[in-house]
Amino acid sequence: MPPPDFMSAKWPFVPGVSIPEPLLRRIESAADQRAEGTAVLVETIRRLAGIEGVGGVHLMGYRNEDILAQAIVESGLRQPRGGAALQA
């Protein structure tokens, strides 16, 4: 799940999980931190999907289901409900 903003990214929600400083700075400097966090998530999903042997990703986002659904569609893993074409 993308951190919704810079302060959330700095807070250790999951023990053992760390976010690289360049990504923290990228999110912190964004005009819309939530959108930037989602963009990071979409990029990460796309990169993971391109690795041979990777069969999927596990996403968790307490009370952020809409953002996760958006990222899944934007990453190309799934079409929107109703089968509408994906937007580029």
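**Figure 1. Helices H3 and H4 are oblique to each other.** The model shown is predicted. Angles that are neither under 35 degrees, nor over 145, nor 65 to 115 count as oblique. H3 covers residues 33–49 and H4 covers residues 65–75. The two pack at an angle of about 45 degrees, so the pair falls in the oblique class. Their axes lie 9 Å apart. The crossing of H3 and H4 is right-handed.

**Figure 2. Residues from H3 and H4 make the contact between these helices.** H3 brings Arg34, Thr38, Leu41, Val42, Ile45 and Arg46. H4 brings Ile67, Leu68, Gln70, Ala71, Glu74 and Ser75. How do the residues of this contact divide into nonpolar, polar and charged? Six are nonpolar, three are polar and three are charged. Leu41, Val42 and Ile45 of H3 are among the nonpolar ones. Arg34 and Arg46 of H3 are among the charged ones, as is Glu74 of H4.

**Figure 3. Helix H2 packs against H3.** H2 runs over residues 21–29. At what angle do H2 and H3 pack? The angle is about 140 degrees, and the axes are 7 Å apart. On the H2 side, the contact holds Leu23, Arg26, Ile27 and Glu28. On the H3 side, Gln33, Glu36, Gly37, Ala39, Val40 and Glu43 take part. This contact divides into four nonpolar, two polar and four charged residues.

**Figure 4. Glu36 is a residue of helix H3.** Which residues does Glu36 touch, leaving aside those up to four places away in sequence? They are Arg26, Ile27 and Ala30. Arg26 and Ile27 belong to the H2 side of the contact between H2 and H3. Leu23 also belongs to that side. Glu36 and Leu23 are 13 residues apart in sequence. In space, their C-alpha atoms are 9.7 Å apart.

**Figure 5. The whole chain places these views in context.** The chain holds four helices and zero strands. From the N terminus on, its elements run α-α-α-α. The chain has 88 residues, and 23% of them count as buried. About 6600 Å² of the chain is exposed. Carbon and sulfur atoms supply 56% of that area. Among contacts with a separation of 6 or more, 46% join residues 24 or more positions apart.

Definitions and conventions. Residues are numbered from 1 along each chain as its sequence is written. This is a predicted model: local features need pLDDT of at least 70, side-chain atom pairs count only at pLDDT 80 or more; totals for chains, interfaces and linings use all residues. Side-chain values use heavy atoms; hydrogens and water are left out. Buried means under 20% relative accessible area, exposed over 50%, partly exposed in between (1.4 Å probe, protein chains only). Contact means heavy atoms within 4.5 Å. Accessible areas come from the Shrake-Rupley method with a 1.4 Å probe; for residues, only the protein chains shown count as cover. Axes are lines fitted to C-alpha atoms, for helices over the stretch in contact, and angles run from 0 to 180 degrees between N-to-C directions. A crossing is left-handed if the near helix is turned anticlockwise from the far one by less than a right angle, and right-handed if clockwise.
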